[in-house]
Every structure is written in C-alpha cells, then in structure tokens.
Amino acid sequence: MSNRRSRQSSSATRISDDQMINLVSKLRQFLPEIRERRRSDKVSASKVLQETCNYIRKLHREVDNLSDRLSLLLDSVDEDSQEAAVIRNLLM
C-alpha cells in the first residue's frame, strides 16, 4: 500500500520534458552570465541549474553585505535625526 502511494505521489510531481525545457529557458533569462551568450550557444540544463545556484549564493552574499552596511549606517546616525527618519521611511 505505501509503495502504491509513493508511486502515485512521485508521478503526480513529475514534470514533462516540455515543462522542464520551459523552466530552464525561464531560468536562463535571469542569469547574467548565460543571458549574455548568443542564443545559438547551447547550454545544458545542468549548467543552467548550476549557474542558478551560484547566482543565488551571490545574491545572498550581496544581501548580507548590504545588511551589514545598513547596520553600520544606522549605528552611526543619531536616532532622532532627519537622516534616521529617511532611512526608516525607506525600510518601510
């Protein structure tokens, strides 16, 4: 019984080859390194997925860096100053 359930759930989550091609194509559009290549240059789906992971890691590092910079900025500004009010408004 559990074997049947696992087969049903795995077949329900499978995507078709056309869907996979469409998803990989959409990912290509978000990846600067791949997007800048000529369209005729073939890039494998595994390469697109690998580059997607690398790009997400890079974005996480950038977010962390910006968060650290913002914390330093907020620490250096008087809480009641106009600058602090501007920063608070930007964050909301």
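Biologist: How many residues does helix 4 have, and how far does helix 4 reach from its first C-alpha to its last?

Modeller: Keep in mind that this is a predicted model. To read a helix span, set it beside the span expected at 1.5 Å a residue. Helix 4 covers residues 45-76, so 32 residues, and it reaches 46 Å, close to the 46 Å expected.

Biologist: And what elements does the protein chain have from the N terminus on?

Modeller: The order is α-α-α-α-α, with five helices and zero strands.

Biologist: Which residues of helix 4 are buried?

Modeller: Here a cut-off helps: buried means under 20% relative accessible area. In helix 4, that goes for Val48, Glu51 and Thr52. Their cover includes helix 2 and helix 3 (32-35). For the protein chain, buried residues make up 14% of the 92 residues.

Biologist: What is Val48 in contact with, sequence neighbours aside?

Modeller: Leaving out residues within four places in sequence, Val48 touches Val24, Leu27, Arg28, Leu31, Ile34 and Val43. Val48 also belongs to the largest nonpolar core, where five residues come together: Val24, Leu31, Ile34, Val43 and Val48.

Biologist: What share of the contacts joins residues at least 24 apart?

Modeller: Count the contacts between residues at least 6 apart in sequence, and 11% of them join residues at least 24 apart.

Biologist: Now the charges. How many salt bridges are there?

Modeller: The general idea is that side chains of opposite charge can pair when their charged atoms come close. In this model the count is two. Lys47 meets Glu51 at 3.1 Å, N to O, and Lys58 pairs with Glu62, with the closest N and O atoms 3.7 Å apart.

Biologist: Why are Lys47 and Glu51 separated by about one helical turn?

Modeller: Because Lys47 and Glu51 are four residues apart in helix 4. Lys58 and Glu62 are also four residues apart in helix 4, so about one helical turn separates them.

Biologist: Is Glu51 buried or exposed?

Modeller: Glu51 counts as buried, because its relative accessibility is 11%. Its partner Lys47 is partly exposed at 27%. In the other pair, Lys58 is partly exposed at 38%, and Glu62 is partly exposed at 37%.

Biologist: Over on the surface, which residues make the nonpolar patch of about 250 Å²?

Modeller: Ile15, Met20 and Leu23 make that patch. Ile15 sits in the loop between helix 1 (2-13) and helix 2 (17-30), and at 40% relative accessibility it counts as partly exposed. As for the protein chain, it exposes about 8200 Å², with carbon and sulfur atoms supplying 53% of that.

Definitions and conventions. Residues are numbered from 1 along each chain as its sequence is written. This is a predicted model: local features need pLDDT of at least 70, side-chain atom pairs count only at pLDDT 80 or more; totals for chains, interfaces and linings use all residues. Side-chain values use heavy atoms; hydrogens and water are left out. Patches are made of residues with over 30% relative accessible area and no salt bridge: like charges are joined within 9 Å, nonpolar side chains (Val, Leu, Ile, Met, Phe, Trp, Tyr) within 5 Å. Accessible areas come from the Shrake-Rupley method with a 1.4 Å probe; for residues, only the protein chains shown count as cover. A salt bridge is a side-chain nitrogen of Lys or Arg within 4 Å of a carboxyl oxygen of Asp or Glu. Helices (H or I, at least four residues) and strands (E, at least two) are DSSP runs, numbered from the N terminus. Buried means under 20% relative accessible area, exposed over 50%, partly exposed in between (1.4 Å probe, protein chains only). Contact means heavy atoms within 4.5 Å. A nonpolar core is a set of buried Ala, Val, Leu, Ile, Met, Phe, Trp, Tyr and Cys residues joined through side-chain atoms within 4.5 Å.
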